[in-house]
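The following exchange examines a predicted model. Each answer sets out its reasoning before giving the value or name requested.

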Amino acid sequence: MDRRLYTLYFPCLFSEPGEVSGWSWAVPLWVTVPGWMSSAGNPAPAALCLWTEILLRILSYLDAVALLRAGCVNRRFYHLANDNFIWIRIYSTAFSPKRSNWKVNSVEKTAVSMNSLSAGDKEAGYWKKEYITKQIASVKAALARVLKPLHPYTGLPVKTKEALRISGLGWVIILKENSGKEHILEHVDLSFNDSSVTAMWYGKDWPRLVTLSTLDLCGVTPVFLNRSQTPMKNGPYELPPHSPLSDDSPECGLSGYQLHVDMHSGGVFCLCGTFGNLSTSKEYIENEYMKLSVISFKNSTEHLPLIGKVGLSWKTNIFDGCIKSCSVMDLTLLEEYGKPFWCFSSPVCMRPSPGPSDGPAFLGETYRVDYADAEGRVHLELVWIEETGEYFIVSLALYLRVAKINHWFGTKY
């Protein structure tokens with residue numbers, strides 16, 4: 001018999017995102033070496049079992065996030081961190097309907113009460129998968145409850161900010177240089193509006209623009225509810241499949257539509273308007289678009305002013321400024337059943353315009369704002385009134401793609 005002192009080194013399992021993991025703590029351990037140890041000091045299979053039991057005992061005191069990180073150390077730690085007896089204890093503690101908030105069972109008592117859950121007859125990692133699956137399901141259930149109330153004007157969820165807090169959703173920009181080097185930049189600031197969220201990035205350490213080959217925008221969520229560790233990159237968002245709605249009178253065109261439009265920058269709104277009872281007919285179809293008039297040149301009672309100065313704010317760690325004549329436009333168009341038919345949020349810019357050819361002449365410089373995507377176009381006409389120092393919207397028209405309308409309602413315009 002011989003007693004030897006061994007030191008077990010463990011990686012930094014609790015490092016914050018962005019920090020470099022390393023060997024952060026060590027445990028001195030006196031081991032009695034029996035005769036079945038070889039002369040070279042290499043452990044026999046029984047000794048390996050001893051080390052495995054010690055490691056499993058230590059890993060059993062980790063929480064779920066730390067255990068997942070431990071599994072990233074190497075192949076052996078990956079298999080050890082998949083141990084069903086460890087994960088079934090975490091699972092039963094988290095989801096037991098009779099658990100108490102003030103009494104915590106010991107590891108031994110919990111292990112005894114878990115015999116009915118059959119940890120031993122499952123493949124390795126089974127209860128880890130079950131735990132992660134149920135955690136994700138609990139997040140989705142919580143989000144479904146929060147996102148249920150809808151805004152009466154936009155038709156979108158009211159509690160978007162609370163939903164983002166619950167899900168832990170954030171955004172990162174991944175910049176890739178021509179050399180292959182990647183830079184992952186987390187958003188610095190968020191501003192919430194009725195129908196959009198604006199994420200901002202700025203800093204001193206961005207790579208030079210000429211060296212970049214690609215830019216990717218990704219949503220990032222934590223694995224577990226209300227935990228900021230272990231983020232997962234989400235894939236592109238895909239809209240749920242749409243079943244065509246029945247149109248009882250397709251010959252009449254579109255009716256009962258409602259539009260909500262915002263123009264803003266840096267949390268300051270220059271336009272926030274809702275327009276109801278919008279309608280159009282198939283006679284307004286031209287070049288694969290159906291025109292939906294919102295504000296008319298000829299009806300001066302519909303003309304609206306923009307409030308304050310129009311500009312797109314920007315800032316860095318040191319400087320800030322404003323890009324004149326630019327802003328962010330949020331548009332939500334609800335169809336007759338109250339469902340969002342067309343939504344977008346995009347930067348737009350005011351440009352000089354020769355003025356309307358089919359409308360009255362205005363005393364002031366005229367400008368236009370245009371936006372287009374695969375589902376439609378927006379055309380906005382404005383007049384600058386020098387006496388009051390403000391812009392007036394004198395025309396607003398939407399051009400909806402006929403293919404989108406046919407797909408939505410099953411019509412054949």
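Q: Is Asp370 buried, exposed or partly exposed, and at what relative accessibility?
A: The model is predicted, and the classes used here are buried under 20%, exposed over 50% and partly exposed in between. Asp370 falls between these two limits and therefore counts as partly exposed, its relative accessibility being 40%.

Q: Which residue forms a salt bridge with Asp370?
A: In general, side chains of opposite charge can pair when their charged atoms come close. For Asp370, the N to O distance in the salt bridge is 2.7 Å. The partner counts as partly exposed at 30% relative accessibility. The side chain that meets Asp370 is that of Arg368.

Q: How many salt bridges does the count come to?
A: A pair qualifies when a side-chain nitrogen of Lys or Arg lies within 4 Å of a carboxyl oxygen of Asp or Glu. Arg401 and Glu288 form such a pair, with their closest N and O atoms 3.9 Å apart. By this rule the salt bridges number four.

Q: How many residues apart in sequence are the parts tied together by Arg401 and Glu288?
A: Arg401 belongs to strand E21 (residues 390–401), whereas Glu288 sits in the loop between strand E11 (285–286) and strand E12 (289–295). The salt bridge between them therefore ties together parts whose separation in sequence is 113 residues.

Q: Which class, buried, partly exposed or exposed, applies to Glu288?
A: Its salt-bridge partner Arg401 counts as partly exposed at 24% relative accessibility. Glu288 has a relative accessible area of 57%, and the limit for the exposed class is over 50%. Glu288 is accordingly classed as exposed.

Q: In which helix does the salt-bridge partner of Glu375 lie?
A: Glu375 forms a salt bridge with Lys404, and the closest N and O atoms are 3.7 Å apart. The pair links distant parts of the chain, 29 residues apart: Glu375 is in the loop between strand E19 (366–372) and strand E20 (376–385), and Lys404 is in helix H8 (residues 402–409). The helix is thus H8.

Q: What is the relative accessible area of Lys404, and is Lys404 buried or exposed?
A: Glu375, on the other side of the salt bridge, is partly exposed with a relative accessible area of 26%. Lys404 is below the 20% limit for burial, so Lys404 is buried, at 15%.

Q: Which residues does Ser313 touch, not counting residues up to four places away in sequence?
A: Ser313 lies in strand E14 (residues 311–315) and is partly exposed, with a relative accessible area of 41%. With sequence neighbours up to four places away left out, the residues touched are Ser265, Gly321 and Cys322.

Q: What is the area of the nonpolar surface patch that includes Phe319?
A: Phe319 is in the loop between E14 and strand E15 (320–324) and counts as exposed at 57% relative accessibility. Together with Trp314, Ile318 and Ile323, Phe319 makes a nonpolar surface patch of about 450 Å².

Q: By what distance are the C-alpha atoms of Arg89 and Trp127 separated?
A: Arg89 lies in helix H4 (residues 84–95) and counts as buried at 15% relative accessibility. Arg89 and Trp127 are 38 residues apart along the chain, and their C-alpha atoms are separated by 9.2 Å.

Technical notes. Residues are numbered from 1 along each chain as its sequence is written. This is a predicted model: local features need pLDDT of at least 70, side-chain atom pairs count only at pLDDT 80 or more; totals for chains, interfaces and linings use all residues. Side-chain values use heavy atoms; hydrogens and water are left out. Helices (H or I, at least four residues) and strands (E, at least two) are DSSP runs, numbered from the N terminus. Buried means under 20% relative accessible area, exposed over 50%, partly exposed in between (1.4 Å probe, protein chains only). Contact means heavy atoms within 4.5 Å. Patches are made of residues with over 30% relative accessible area and no salt bridge: like charges are joined within 9 Å, nonpolar side chains (Val, Leu, Ile, Met, Phe, Trp, Tyr) within 5 Å. Accessible areas come from the Shrake-Rupley method with a 1.4 Å probe; for residues, only the protein chains shown count as cover.
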